[in-house]
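Trainee: Could you take me through one part of this model in detail, with the pairing of strands and what packs against them? I would also like to hear about any unusual backbone angles and how helices meet elsewhere in the chain.

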Amino acid sequence: MPDHGLLPGVRRIAVLRANGLGDSLVAQPALAALRAAYPDASITLATSAPVAELLRGRPFPVDEVLEAPRVSGVRGEVGGPPDDAPEVVEEFCAAMRAREFDLAVQLHGGGANANPLLLRFGARVTAGSRAEDAPALTRTIPWTPFQHDVMRWLEVVGLVGARPVTLRPELAVTDADRAAADAALPALHGPLVVLHPGATDISRRWPPERLGEVGRALAEQRGACVAVIGGKSDLELGEQVRAGLGDAPVLDLVGTLDLNGLVGVLERADLVVGNDSGPRHIAEAVGTPTVGVFTRANLVDVSPLFRARHRVVVDWESRCAVCGDPYLGRSCGHEATVLAGVEVREVLDAALALLPG
């Protein structure tokens, strides 16, 4: 691929990245590269509601965060409202066109759904990844599977001359985060281990009772103080984790933390153990060691790039626990984990390697 130089006269940049919390963080190195390449330009990020809430009042390599309209294939919050009415989408796009963006960058996906929306922003130059069925942009790279998202989005911004300045996703921790953690956490006597049993996709949830067994072993062998986190929809998962914990003491934070509290508690933790999920990505981005349980597909796409402070445990078969169909390309319809092949010992060994003795 040729080395593209910087675009002249870029004053306003729009970026479309309207996925989940973790998705926003794997795109952060690309945003940092854009900021470094165009230091005098304003950068507007069009994103999802949860990401907008996370970034509100928080340093990030953009100047403005907007909630993108809900368009099929672009906004992906599970359980959210239906797509916005066409007139609502057009109102947003008209407001974007009025800003007269010099550059619009698609960091969302293959572009079948995202590229048409990006093109409606009316930017002078557009750039992004493009699958075969996606509309063309000014500058594109082919969308292909099995590429790490950090590298994929760095390659995209490289189309407009933005060179990498970091490979590590980073999230600033604010005073509000730390105050919320102070309010949520009691005085601790021992390392804090945070367990997160949730994941947006049920198939990516390691059996929660096994996660509890890992927590119990860490309490017994390392004197860990164990906390369980999750959203209000994770209450049942939290109960299953507690069943695996047995008699081990636990701090139940499921359904109690706002995003400030989540970030603050994850920063305070000595170790986070869980699935491929937003909280694991946040923990990594604030500098906390993590152990993540991954499918073979997500290992390639979004697992941590570095291993000094992070471990991955992989179900290499990644088959449905009900019918045995493979995770990649499957359409069995069962709402079941594909991570049942990962044993407690594997995750515990990874955790013990990272938690001080």
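Mentor: Let us begin with one pair of residues: Val273 stands opposite Val291, the latter in strand β11. The model is a predicted one, and that should be kept in mind throughout. The strands concerned are β10, residues 271–275, and β11, residues 290–295, which run parallel and are joined by four bridges.

This pair belongs to an open sheet of six strands with parallel pairing, whose order is β9-β8-β7-β10-β11-β12. At its edges are β9 (250–252) and β12 (310–315), each of which pairs on one side only. From one strand to the next, the twist averages 20 degrees. Packed on this sheet is helix α11, formed by residues 278–285, which touches β7 (192–196) as well as β10, β11 and β12; the direction of α11 makes about 140 degrees with that of β11.

Beyond the edge strand β12, the backbone deserves a careful look, since Ser318, which is not a glycine, has a positive phi of about 50 degrees. Ser318 lies in the loop between β12 and α13 (344–354). With a relative accessible area of 0%, below the 20% cut-off, Ser318 therefore counts as buried.

A positive phi, here of about 60 degrees, is also found at Phe146, again not a glycine. Its place is in the loop that lies between β6 (139–142) and α6. Phe146 has a relative accessibility of 52% and so counts as exposed, the cut-off for that class being over 50%.

The loop of Phe146 leads us to helix α6, and hence to the way helices meet. Helix α6, residues 149–158, packs with helix α2, residues 28–37, at an angle of about 25 degrees, and their axes are 8 Å apart. Because angles under 35 degrees count as roughly parallel, α2 and α6 are placed in that class. The crossing in which α2 passes α6 is right-handed. On the α2 side, the residues that meet α6 are Pro29, Ala30, Ala33 and Leu34, while α6 contributes Val150, Trp153, Leu154 and Val157. Sorted by class, the contact of α2 with α6 has eight nonpolar residues, with no polar and no charged ones.

Note on methods
Residues are numbered from 1 along each chain as its sequence is written. This is a predicted model: local features need pLDDT of at least 70, side-chain atom pairs count only at pLDDT 80 or more; totals for chains, interfaces and linings use all residues. Side-chain values use heavy atoms; hydrogens and water are left out. Axes are lines fitted to C-alpha atoms, for helices over the stretch in contact, and angles run from 0 to 180 degrees between N-to-C directions. Helices (H or I, at least four residues) and strands (E, at least two) are DSSP runs, numbered from the N terminus. Angles under 35 degrees count as roughly parallel, over 145 as roughly antiparallel, 65 to 115 as roughly perpendicular and the rest as oblique. A crossing is left-handed if the near helix is turned anticlockwise from the far one by less than a right angle, and right-handed if clockwise. Contact means heavy atoms within 4.5 Å. Ala, Val, Leu, Ile, Met, Phe, Trp, Tyr, Cys and Pro count as nonpolar, Asp, Glu, Lys and Arg as charged, and the others, Gly among them, as polar. Two strands pair if DSSP finds at least two bridges between them. Buried means under 20% relative accessible area, exposed over 50%, partly exposed in between (1.4 Å probe, protein chains only).
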